[in-house]
Structures are given as C-alpha cells and as structure tokens.
Amino acid sequence: VNWPLVLDPAGSNATSIANLAWVLIAVVTVVFLTVCVGLGVALFGRETWRRFLTRNSTIIIAGFAVPVVVLTVLLAYSLMLTRELSSTESPTPMRVQITGEMWWWRVDYFDKDGNVTLRDANELHIPVGQSVKLELVSADVIHSFWVPQLGGKADMIPGRRNILFLSADRPGVFNGQCAEFCGGPHALMGFTVVVHEKSEFDVWLKRRTVAPAAATYPLAQRGAQLFENLGCAACHVVRGTVANGNVGPDLTFVGTRQKLGAGILPNNRGILAGWVADSQAIKPGNRMPSYKMLTGLELQAMAAYLEQLR
Amino acid sequence: VGLALKSPILFTLVLLTACSESEVDKQNASGNIGRVAVNELGCGACHEIPGISWPKSKVGPPLENYGNRNLIAGVIPNTTENLAVFLQNAPRFVPEGGMPPIAMTEQQAADIASYLLSLRVEG
C-alpha cells in the first residue's frame with residue numbers, strides 16, 4: 001500500500017502527528033457512523049425510536065454536549081502535541097537555518113558557537129537519530145516548511161524566526177514541499193532531506209568543507225569558462241572560484257544534489273542542460289533567465305561543468 | 001445503462017470506469033514502463049512528449065509521433081536498438097548538439113526507446 005506521506009512517518013515528531021491523524025480518523029469514523037444510524041432511524045425507524053430522537057434531552061446531549069466534550073478533548077490533545085513539536089529533550093541539537101526564498105531554500109549549517117560553517121541550497125543532510133533544530137526564516141514572502149515524513153509544518157514569516165524540530169529514525173531521502181502559497185512557482189518549490197548513518201554524515205560534512213577540485217577535462221573546463229563569461233557568478237556561489245553571487249542557490253556541490261530546480265527534477269546532465277537553456281519553460285516565473293542564446297555544444301559544456309561540481 | 005442513468009451515483013461510477021479504461025487503452029503495459037522512465041529521468045526538461053504533463057520544454061524537438069520518424073536526429077535509422085544507444089550518448093552521433101550524454105541504466109534506455117517508438121499514427 002502506498003500510504004500518504006503523513007501516515008508513513010520516519011521520525012518521532014512525524015510519528016506523533018501520524019498518531020494524531022489516526023485518532024482523528026477513528027473518532028470521525030465513529031461520529032460518522034453514529035450520525036448515519038441516527039439518520040436511518042429518523043427515516044425508517046419505528047415510531048417510538050423516532051420520537052426518542054425528537055426529545056429535547058436527546059438534542060441537547062447528542063447535538064450539543066457530546067460534540068463540545070469530544071472537540072474540547074481533541075483540541076487539548078492537538079495543542080499539547082503542537083507544543084511538543086517546537087521543543088526537544090536533546091540539550092545539544094544540531095542547528096540549521098533555512099531561509100525561504102522565492103522559490104527555493106537557502107540552507108545554513110551552524111557549528112556549536114553559532115557560526116555558519118556550511119552554506120547549501122534546497123537540500124538538508126542530517127544524521128539519523130539526531131534532533132535537529134531548524135530555524136525557519138524568510139527572505140521575502142511567507143513560505144511554509146514541510147517534510148511530512150520527518151515532522152510538522154511551520155510557516156516562514158518575514159521578520160520572525162520560527163523553530164521546528166526534526167529527527168529521523170532511519171536513513172533515506174525524504175521529500176518536502178513549500179506549503180504556503182508564495183507566488184507563481186510555489187507548487188514547484190520542493191525540498192529534499194537526506195538522512196545519513198552517523199559515521200556517513202561525518203564523512204559527508206568533512207567532504208563539504210573542501211571546495212571541489214577544478215574541472216579536469218576539456219568540455220567541463222569550457223563550461224567553467226562559460227560559467228564565468230556569462231555572468232552566472234553574479235547570482236551563484238561556487239566556492240573555490242570567482243563565483244560569489246548570493247542571489248540564487250549555492251552551486252558549489254550542485255552535482256551531488258538529489259534533485260534540481262529546488263527539489264523538482266532528477267539530477268542528470270540532460271536536466272542541467274535543459275534548465276540552463278530554458279528554466280522558464282520548466283518553472284515559469286522563477287528568477288533565473290533562460291539562456292536561449294547558447295549553442296548546443298555550449299549547453300553540453302555547461303552541463304558537464306555543473307555535473308562535476310561534486 | 002437505463003438504471004445507471006436514473007441513479008446519479010451509479011451514473012458517476014459508470015463514467016469513472018469508462019475514463020480509466022480508455023486511459024489504459026492508450027498505452028500497452030511495456031510502453032507505460034517507458035513512460036515512467038521518461039518521468040524518472042526528466043526528459044520533459046527539453047522535449048514535449050505525449051503522456052508527460054510536466055515539464056513540456058521546447059529546448060529540443062517535440063517527440064509527438066516519434067515512432068513515425070525515419071531518422072534519429074537526422075543521422076541514424078530510428079530503431080529501438082539505435083535509439084537506446086542514442087539516448088545514453090547523443091554526442092556520439094551529434095557531437096555539437098545540445099543533448100549531452102545522460103546516465104541511465106540499459107533497461108531505462110530500452111524502455112524509453114520502446115515507449116518513444118510506440119508513439120505513432122498509422123497511414
């Protein structure tokens with residue numbers, strides 16, 4: 001069975017939410033069946049049963065008192081659960097700031113002293129079993145961060161810093177999605193979380209501290225040259241090169257991303273070429289122009305260069 | 001049908017069944033596997049392809065009725081085997097073209113090739 005993602009949790013917070021969903025589904029099912037029985041009685045029941053339904057006490061109890069009690073209990077349960085989602089038992093959670101941008105995500109990893117040690121985009125890497133404190137902010141409009149299998153949903157509101165805790169209990173790749181309409185390409189603003197085994201995560205982090213080596217073969221070298229000449233550096237960072245623009249996603253390790261275009265397309269040379277040539281056809285309204293003036297060979301070179309940024 | 005028309009619920013069910021059947025008729029089972037592979041690799045980032053609703057980019061040629069085409073990229077005969085090779089390494093045939101080599105499994109290449117060749121009109 002392909003469960004909806006919210007009912008297929010992979011972390012403790014997501015499990016609480018899935019449990020809430022199941023409780024709601026169970027209660028609602030009982031209420032629905034009860035109402036159906038009542039309706040059946042009212043339509044086809046014996047005279048005495050129908051009279052019972054019309055009594056004042058029946059209406060006050062079944063129509064008012066029971067719903068008030070049931071809804072109050074459910075409200076209290078869900079409020080308690082919501083509070084749990086923005087707290088943690090771990091005294092030293094890993095800290096990551098995620099900034100909602102139109103229409104992608106900036107990801108900044110902090111060290112223990114609160115310095116940014118690593119900047120990435122559209123993808124979050126975490127170790128399994130570790131509580132992760134996400135500090136959610138926005139650079140422009142309201143976005144909402146949501147990775148259904150790992151935790152709750154929290155808005156990113158300009159001028160505020162909302163806290164959301166995530167944790168994963170198994171390694172894997174989990175998809176997220178902006179959950180607050182934020183303009184044209186909102187539906188194409190996806191996110192990816194990669195959960196590693198602890199030792200694997202340390203290796204990953206170490207590799208990320210060193211910028212990728214310069215392109216080694218002619219086609220990729222031509223792509224690197226084009227990247228510079230076309231002015232890509234005005235918007236994108238590639239550490240270890242002159243590219244230091246902070247407007248768009250950091251591309252230092254774009255070749256390793258699970259997905260491209262902010263969590264929406266697979267990562268291969270074809271997509272890299274297609275995105276550079278006409279990202280506006282793929283994700284209409286996004287802030288990167290289509291580079292329709294490039295020749296076929298130039299597109300190949302760009303794709304080769306971007307792919308080896310890993 | 002008489003009974004179905006009288007009952008809105010039954011009528012809706014009949015309509016739903018009719019839709020899903022014609023959807024299935026459009027593609028044979030193996031073709032459908034190829035369509036899934038096309039989605040997995042994101043070929044729509046450059047090509048308009050029947051059966052793929054997004055993306056529908058026009059960087060490269062649209063692939064409507066591709067099975068009716070004689071030559072792949074105007075270079076080699078359009079057979080399943082040739083197409084599977086071309087998909088993985090287009091620059092071997094069109095060195096200056098925009099389509100780069102694309103990493104995929106042999107199975108994916110074969111599935112996509114047979115899907116594209118199934119896109120044809122007779123006559």
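Guide: Contact here means heavy atoms within 4.5 Å of each other. The model is predicted, so that local features need pLDDT of at least 70 and side-chain atom pairs count only at pLDDT 80 or more, while totals for chains, interfaces and linings use all residues. Residues are numbered from 1 along each chain as its sequence is written, chains are lettered from A and ligands numbered from 1 in the order in which they are written, and side-chain values use heavy atoms, with hydrogens and water left out.

Visitor: What percentage of the contacts in chain B with a separation of 6 or more comes from residues 24 or more positions apart?
Guide: Chain B has five helices and two strands, where helices (H or I, at least four residues) and strands (E, at least two) are DSSP runs numbered from the N terminus. From the N terminus on, these elements run α-α-α-β-β-α-α. Among contacts in chain B with a separation of 6 or more, the share from residues 24 or more positions apart is 40%.

Visitor: Which elements of chain B do the buried residues of helix 4 pack against?
Guide: Buried means under 20% relative accessible area, exposed over 50%, and partly exposed in between (1.4 Å probe, protein chains only). Helix 4 of chain B covers residues 80-88, and its buried residues are B:L83, B:A84, B:F86, B:L87 and B:Q88. In chain B, these buried residues pack against strand 1 (71-72) and helix 5 (106-118).

Visitor: How many residue pairs are in polar contact between chain B and chain A?
Guide: In the interface, 19 residues of chain B are in contact with 18 residues of chain A, and the two chains bury about 1,400 Å² between them, 67% of it on carbon and sulfur atoms; buried area is the accessible area (1.4 Å probe) that two parts lose on being put together, summed over both. The rule finds zero salt bridges across this interface, a salt bridge being a side-chain nitrogen of Lys or Arg within 4 Å of a carboxyl oxygen of Asp or Glu. A polar contact is a pair of N or O atoms within 3.5 Å; within protein, one must be able to donate a hydrogen and the other to accept it, and residues adjacent in sequence count only if both atoms are side-chain atoms. With both residues at pLDDT 80 or more, the number of pairs in polar contact between chain B and chain A is five.

Visitor: With which residue of helix 4 (residues 198-208) of chain A does A:D120 pair, 88 residues apart?
Guide: Side chains of opposite charge can pair when their charged atoms come close. A:D120 takes part in a salt bridge whose closest N and O atoms are 3.0 Å apart, and this pair links distant parts of the chain, with A:D120 in strand 3 (residues 116-121). Both members of the pair are buried, and the partner of A:D120 in helix 4 is A:R208.

Visitor: In which loop of chain A is the residue whose side chain meets A:D120 in a salt bridge at 3.2 Å, N to O?
Guide: The residue is A:R257, and both A:R257 and A:D120 are buried. The two are 137 residues apart, and A:R257 is in the loop between helix 5 (218-229) and strand 11 (259-260).

Visitor: Why does A:T99 count as buried or exposed?
Guide: A:T99 is found in strand 1 of chain A, and its side chain makes a polar contact (3.5 Å) with the side chain of A:Q97. Not counting residues up to four places away in sequence, A:T99 touches several residues, including A:W104, A:R106 and A:M156. A:T99 counts as buried because its relative accessible area is 7%.

Visitor: To which residue does the cis peptide bond from B:W54 run?
Guide: The omega of this bond is near -10°. The residue at its far end is found in the loop between helix 3 (29-41) and strand 1 of chain B, and that residue is B:P55.

Visitor: Which residue other than glycine in chain A has a positive phi near 70°?
Guide: The residue lies in the loop between strand 11 and strand 12 (265-266) of chain A. It counts as buried because its relative accessibility is 3%. The residue with this positive phi is A:A262.
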